[in-house]
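Me: I have a structure open and would like to go through it in small steps. Could you keep the answers plain?

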Amino acid sequence: MPRPLHVLRHPNSVYTAAFAPNGQHLATGSLDSTIKLWDVSSGKERLTLTGHRDGVCGLAWFPDNERLVSASLDKTLRIWDAKEGSQLASLAGHQHYIETFAATADAALAASGSHDKQIRIWNLATESTVQTLTGHTAAIFGLAFSPQGDRLASAGNDDSLRLWDVSTGQQLGTFAGHEGAVQCVTFSPDGATLVSGGSDGTVRLWNAASFAEKKKLSGQRGYAKSLAYAPGGKQLFTAGLDGTLRVYDAQGERLAAFEAIHENTIYQLAFSADGRYLATASFDRTIKLWDMRDLMNI
Amino acid sequence: MLTFCDGRGRLDRRDFLKIGSLGLGGLSLPQILRAEQQSGQSRPHKAVIMIFLSGGPPHQDMFDLKMNAPAEYRGEFQPISTCLPGVQICEHMPRLSQMMDKLVTIRTLVGSEGRHAGFQCLTGRASRGTAPAGGWPSLGSVVSKLQGPAAAGTPPFISLTPNMKSRGWSDPGSPGYTGRAHAPFTPNADGGSNLTLDRISLARLTSRRSLMHDLDGLRRDAETSGAVAGMDAYYQQAFEILTSSRLANALNLDLEDDRVRDRYGRGDNVPAGYGDAGPLMNEYFLAARRLVEAGARVVTLSYGRWDWHGRPHGTNFENARDHLPRFDQGLTALIEDLEQRGMLDDVSVVVWGEFGRTPKINKNGGRDHWPRVGCALLAGGGIRTGQVIGSTTELGEDPAERPVHFQEIFATLYHNLGIDVHSTTLTDLSGRPQFLVDHDRYGPLSEVI
């Protein structure tokens, strides 16, 4: 069993983690309403950003490595100066808790999904909503931009998995198959495959163009709460309710499982851009930082 | 903030009168001393430790798992066997499973008014409806009024509950018609400001070194000013109480063996859950034992946040996986510790919340409020433990047999304290006698006494 490089702690459950593009810093967001910035190599806490009035459920860095954007249950997105720890902007619009968040690779656009059943797409440069996507009939649980940033996939507590055109806000189609809420979603790095995890205990691979199911991965205990492809797209990582990290190849064949690496649900998997590190954020109040060489040597 | 020194750091007689009227658990110090003189204080005293699970714990995920119910009711947890034959509890409380012979598990707590507050657990009464002049008093205030202090320097009623955003949960216990003299001493509320001398905060009070330094200075000032010589004997003794270290030592957990602190699980002092409730501070359990040892008769505390409506603040089950192992560790440590010190037969421990939770899991993975039935635990106090009282219907919606009312628990606690609820009355502020519970309907649990 590999050991994490660092175990980082929040006073309360940790919902999200994101590496700075240069890989030097990790940002983590917690139900304690704060964002913490950590030095990746030493595991030392560098800053705590305060201002949100409820849990922080999403984070993304800007390419300059100096600013980041956060999403919170307090219905707002906020932009931060990560060097100074100061808040630069607050973006409001949702009428209820934000539950999930995603951003394009260049952080030009972000998307937030809420218990108000709406998805908002934000232009982070103008700090404004550019699209409001309606159609879900319950809270949004997962969002993912395609690698090109032109499509957005949404997973809902209404048991639906939908695909949207980002520029027009039109729904392009749905992926039918999950029996129960859809908890999480991600795109493969080439954008051809969409992956979703559902309350039915399955992880499903879909053809993102045809909406056809390609493969159903069973073997989860409970449901998957987070999905992530390692940079390069050769491995798919899943994690969720049982605190176990599972690794599959691109075709969905299981490669490894690391049992109970956390004591509670793993809410997010985040890779550093160079693929060297993996961060796992959990409801057990910790973030574990893993060296991918340790994980993949097993 | 109370002040004991003038602007030049000196004491005068008026300052000492302030010392004399300083509420320690509401009682003025001379009252404490007089009561103590009248009652004698060397015999072991009976006490109650009340652990309030603020928010309403899920009975069906802890002590009454419904494994035959449909999935939308059943929940995620598996039952485990206990040391009581045929009795199972949640898998996340393995230590308690081996201590069930020292507990009374009540699966059918009824009578909740359905309000998010500690009031009913503290007083046994609903906050709505007719109340006597002055209001209903909490258990600790009643005991303070009836029995007074058990030991010099320690208030009879202490609440370890800190301030929280949710005021209903941070209620330390109203004195009601017993009067403010019987309000709890609250060292964790307001930063301990109700025991803050001019230069001596509670934080410093718990540091013996700084305490002695400050108090030595205070005493020198007093002697120099001649203030002490002019006081009556009680006030001099009152000053001695303030300068004694009994209470400060009881609150100073650094004086406790590290192995004991580790056994309790220490805990975390940040607000649990959404940030509006009490911390998961297992050391409150340890502090409660130390305070009882030092003479407290009733110690109450709020523990965690059990109001688990579901996402996005975590599902009922994620929160339970977070809280239950810590609760399991802290509560078993307390019971074990009390037993090892020979205190368990004298100290009643009660654990409960304001209501149960909905049998059906909601769309966000939570359980909502369910006043129709809840659960409670009793330990110690000389009662017959090792039994489960009551059972619920198939889905855990209602009692199927032996509903137990809040006031029956109160009557049992009073019984354990040596107070007869059928004959004891206190006078409310209009001069009317008031029984401690509705004794014509509720008495001590016959199964345990």
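Reply: What follows is a run of short questions and answers on this structure.

Reply: Some ground rules come before that. This is a predicted model, where local features need pLDDT of at least 70 and side-chain atom pairs count only at pLDDT 80 or more, while totals for chains, interfaces and linings use all residues. Residues are numbered from 1 along each chain as its sequence is written, chains are lettered from A and ligands numbered from 1 in the order in which they are written, and side-chain values use heavy atoms, with hydrogens and water left out.

Me: OK. How many helices and strands does chain B have?

Reply: Chain B has 16 helices and 16 strands. Helices (H or I, at least four residues) and strands (E, at least two) are DSSP runs, numbered from the N terminus.

Me: And what share of chain B is buried?

Reply: Of the 449 residues in chain B, 60% are buried. Buried means under 20% relative accessible area, exposed means over 50%, and partly exposed is in between (1.4 Å probe, protein chains only).

Me: What about contacts in chain B between residues at least 6 apart in sequence?

Reply: Of those, 73% join residues at least 24 apart. Contact means heavy atoms within 4.5 Å.

Me: Let's pick a helix. Is H14(B) enclosed or open?

Reply: H14(B) covers residues 283–293, and ten of its eleven residues are buried, so it is largely enclosed by the rest of the structure. The buried residues include Glu283(B), Arg289(B) and Arg290(B). After H14(B) comes Gly295(B), with a positive phi near 125 degrees.

Me: How do H14(B) and H15(B) sit relative to each other?

Reply: Their axes come within 9 Å and cross at roughly 20 degrees. Axes are lines fitted to C-alpha atoms, for helices over the stretch in contact, and angles run from 0 to 180 degrees between N-to-C directions. That makes H14(B) roughly parallel to H15(B). The cut-offs are under 35 degrees for roughly parallel, over 145 for roughly antiparallel, 65 to 115 for roughly perpendicular, and oblique for the rest.

Me: Which residues make that contact between H14(B) and H15(B)?

Reply: From H14(B) there are Phe285(B), Leu286(B) and Arg289(B), and from H15(B) there are Gly330(B), Leu331(B), Leu334(B), Asp337(B) and Leu338(B). By class, the contact of H14(B) with H15(B) has five nonpolar, one polar and two charged residues. Here Ala, Val, Leu, Ile, Met, Phe, Trp, Tyr, Cys and Pro count as nonpolar, Asp, Glu, Lys and Arg as charged, and the others, Gly among them, as polar.

Me: Why does a helix show residues three or four places apart on one side?

Reply: An α-helix has 3.6 residues a turn, so residues three or four places apart point the same way.

Me: Next pair, H7(B) and H16(B). What angle do their axes cross at?

Reply: The axes of H7(B) (residues 139–147) and H16(B) (residues 406–416) cross at roughly 30 degrees and come within 12 Å. H7(B) and H16(B) are therefore roughly parallel to each other.

Me: Which residues meet there, between H7(B) and H16(B)?

Reply: Leu139(B), Val142(B) and Val143(B) of H7(B) meet Phe410(B), Leu413(B) and Tyr414(B) of H16(B). The contact of H7(B) with H16(B) has six nonpolar residues, no polar and no charged.

Me: Is H16(B) itself enclosed or open?

Reply: Ten of the eleven residues of H16(B) are buried, so H16(B) is largely enclosed by the rest of the structure. Gln407(B), Glu408(B) and Asn416(B) are among the buried ones.

Me: Changing topic. How many disulfides are there over all chains?

Reply: The count is zero over all chains, where a disulfide is a pair of cysteine sulfur atoms within 2.5 Å. For Cys184(A), the nearest cysteine sulfur is that of Cys57(A), 15 Å away. Cys184(A) is buried, with a relative accessible area of 5%.

Me: Any oddities in the backbone? Where is Pro312(B), for a start?

Reply: Pro312(B) is in the loop between strand E6 (298–302) and helix H15 (316–340) of chain B. The peptide bond from Arg311(B) to Pro312(B) is cis, with omega near 10 degrees.

Me: And in chain A, what is phi of Ser33(A)?

Reply: Phi of Ser33(A) is near 75 degrees, which is positive in a residue other than glycine. Ser33(A) lies in the loop between strand E3 (25–30) and strand E4 (35–39) of chain A, and at 15% relative accessibility Ser33(A) counts as buried.
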